[in-house]
Amino acid sequence: MGLRDVARDRLLAEMVEGSVKDLPENEWTLLVVDETTTKVLSSVCSVSHLVEKRVSLVENIQKKRQPMPNMTVIYFISPTQGSVSRLLADFHSKSPLYKRACVFFSSQLPKHELERIKQSPTLLSRLAALKELNLEFLAIDSRGFTTAGSREETLKDLFGENANSSGSYEREMDVVVRRLASVFASLKELPAIRFRMGKPPQDGDLAGASERHLISQRIAVALHAELTNMREKMASNDSFPKAETCDLVIVDRGVDPVAPFMHEWTYECMCFDILDDVIDNNIFKYTIDTNKGSEEEREVVLGEQDPIWVELRHKHIAEASLLLNDKMNYFKSANKLARHKANQGDQNDIDTGDLKQMVESLPQYREQLKRLSLHVHIATKLNTMAKQMGLHEIGKLEQDLVYGNATSKEVIKLLGARSHMKEEDKVRLLMTYVATHPEKLDNNRRMQWMKLAKLSAEDMNMINNLEYLGVAVSKRGAKSALSFATKRKKRSIRKEHSALEGEEQWQLSRFQPIVYDIFEDMLKGELSQDEYPYVIQPTGGGAVGKRTQMIDVELSVRKKKNVRRETTRGVEGRPVVLFIVGGMTRSELKVAHQLSNQFSSNLLIGATSIDSPNTFLKNVNSMSLLDDL
């Protein structure tokens, strides 16, 4: 079962079915949620899932609700003071809102909140269930999850200029730990926990650097304590393992500060980058021309319920476009043949069974055509916009910078040649440069960059703020230079990977996030214990180790490289989970899928959020107040 299936199964089977099993077959129930659990529920369940389980209505606990004194209610709420108070208020008066209540908390209920519940005789007399479900993470897909809080400012709260002195720091740490623990409670797995060791403070580091470097370790230690407590509470029903059954590695965003702003060229990554302004919560909004000559607005969810999306999402845009062309040609050809046979009415060509099968498949054909046309529309839009924005040149330079094949000379040349480059793309390019060429900026150099790229002070602030993620943006010590360096010096912060088995190497597909190497080393049992120590050495022997539209696509040139097949010395079937404090990217999510297939392993990846490049820029910008440059 994928991660989303696990969460859905717990909500529907453990919570809903368990609550309605004693009700008459014709009796329905309703579900009450709060802000936190609404997100959890909507990430894995649709309305149809709930209706199938006899849930007639979903209501928000924070809003005034119609009394239903003859109905059983299921509460799925977070154990906060606010939600508990509203629960008690529902049963405070002489006329309670509901006949019977089944209460499920998304995480562990504090003792003082439990005491408040005990002091409500009306609620206690109508209480059919009171349980800690321990399900408070958001499933992105079958292999990805987030612990996103209500503020969604984790980068600022944990890594920002005033992070450690703000009250939101401890609150955010608590949210991350609690929700991460709920992942393992849902999986019924006990992890051997490792973390990325923070580097020692360096001269020139910003104030608070040592605390930021310890964030992964602090979360790892706190998570161990949380899981130990959870295991002790569940010891009586054997629902939690007694020894480690999986492996968890906790890192922070500083492990790979480049990945969030690189231009990626796979279908899913491009959708959530280039089309970020028309995709909201995985819902793509678009306009089509109808047969009547008018425009019609449509919405569609981009997710694993769509088999075409699943097939395309991790393919290079050129390969995805070719595949869509082939599918559309095949569809038109097959449909034309079917129509021809039907119109001919020749019994030698088509019998009653064939005709019946064609008629029955018409709705399926229409649905397939609708899905196919949608993705043709998206791919066409992606290719067109990438060409208009000059992203091929930008993407090539970004990758050359990452792999040590370019310096500021090439950056200056491109910025000079493309004066109409989008501001965000300029910032992303310069971020790539400073992240791969450390200690290059002083005040004079900043002013030169601002003038050359026509950047605002706010743009420059985003670049400077990479310091909070451990990037040495500014010059250290007494070294000084007033001109751009033109001497080519190879710098590489990561190794290059050849194509995986069954995949082709395309132009602009060289880049792989650092999480690729971490997963790979874990699976081979080669992840350094000096750099990634355990909180406690594991007891079980250690880790794993209408008109159809065709696509006009500017094809990339393929590079012929040997594909590879890897083997693993790890424990077969043992899950490996990687968690990134500070947010993850779609490219990192892709890695978990690809390597799971390549190694026939169960890899999961989570983070405090999943961010598009534009969202990441905004988050980085919020990490400090704008300085005068």
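Asn281 sits in the loop between β10 and β11, where helices (H or I, at least four residues) and strands (E, at least two) are DSSP runs, numbered from the N terminus. This is a predicted model, in which local features need pLDDT of at least 70 and side-chain atom pairs count only at pLDDT 80 or more, while totals for chains, interfaces and linings use all residues. Residues are numbered from 1 along each chain as its sequence is written, and side-chain values use heavy atoms, with hydrogens and water left out.

Back to that loop. Most residues other than glycine have a negative phi. Asn281, although not a glycine, has a positive phi of about 55 degrees. Asn281 also counts as exposed, at 66% relative accessibility; here buried means under 20% relative accessible area, exposed over 50%, and partly exposed in between (1.4 Å probe, protein chains only). Glu439 is another residue other than glycine with a positive phi, near 55 degrees. Glu439 is found in the loop between α17 and α18 and comes out as partly exposed, at 28% relative accessibility.

The strands on either side of Asn281 belong to an open sheet of three, ordered β10-β11-β12 and paired antiparallel; two strands pair if DSSP finds at least two bridges between them. β10 (279-280) and β12 (295-301) are the edge strands, each pairing on one side only. Seven bridges hold β11 (residues 283-289) and β12 together in the antiparallel sense. Within that ladder, Ile283 has Val301 of β12 as its bridge partner, and Phe284 has Val300. The hairpin of β11 and β12 has five residues between the strands, and Gly293 takes a positive phi near 85 degrees there.

A second open sheet has five strands in the order β2-β1-β3-β4-β5, with parallel pairing. Its edge strands are β2 (55-60) and β5 (127-132), each of which pairs on one side only. On average, neighbouring strands of this sheet are turned by 20 degrees against each other, direction ignored; axes are lines fitted to C-alpha atoms, for helices over the stretch in contact, and angles run from 0 to 180 degrees between N-to-C directions. β1 (residues 29-33) runs parallel to β2 and is joined to β2 by five bridges, with Val32 standing opposite Glu59 in β2. Helix α2 (residues 35-44) lies across β1, β2 and β3 (68-77), at about 120 degrees to β1.

Now for the helices. In α18 (residues 443-453), the buried residues are Arg445, Arg446, Trp449, Met450 and Ala453. These cover an arc of only 140 degrees around the axis, which puts them on the same side of α18; the arc is that of the directions from the helix axis to the C-beta atoms. The face turned away from the buried side of α18 carries the exposed residues Asn443 and Lys451. The buried residues of α18 pack against α16 (408-417), α17 (423-436) and α19 (457-464), contact meaning heavy atoms within 4.5 Å. Elsewhere, Ser186 of helix α8 (residues 167-187) is buried, with a relative accessible area of 5%. Leaving aside neighbours within four places in sequence, Ser186 touches Val6, Arg10, Asn134, Leu135 and Phe137.

Finally, the aromatics. A search of the whole structure turns up ten aromatic pairs. The rings of Phe145 and Phe579 are stacked, because their centres are 6.1 Å apart and their planes are at 20 degrees. Rings of Phe, Tyr and Trp (its six-membered ring) pair if their centres lie within 6.5 Å; planes under 30 degrees apart count as stacked, over 60 as edge-to-face and the rest as tilted. Phe145 and Phe579 are both buried. The rings of Phe272 and Trp309 have centres 6.4 Å apart and planes at 75 degrees, so this pair is edge-to-face. Phe272 lies in helix α11 (residues 267-274) and Trp309 in helix α12 (residues 307-312), so the pair ties together parts that are 37 residues apart in sequence. Phe272 is buried at 8% relative accessible area, and Trp309 is buried at 2% relative accessibility. Tyr75, Phe91 and Tyr98 are linked by ring pairs into a cluster.

The ring of Phe272 also has the charged end of Arg586 sitting over it, 3.7 Å from its centre. Similarly, the charged end of Arg194 sits over the ring of Tyr534, 4.7 Å from its centre. A charge sits over a ring if NZ of Lys or CZ of Arg is within 6 Å of the ring centre and within 35 degrees of the ring normal.
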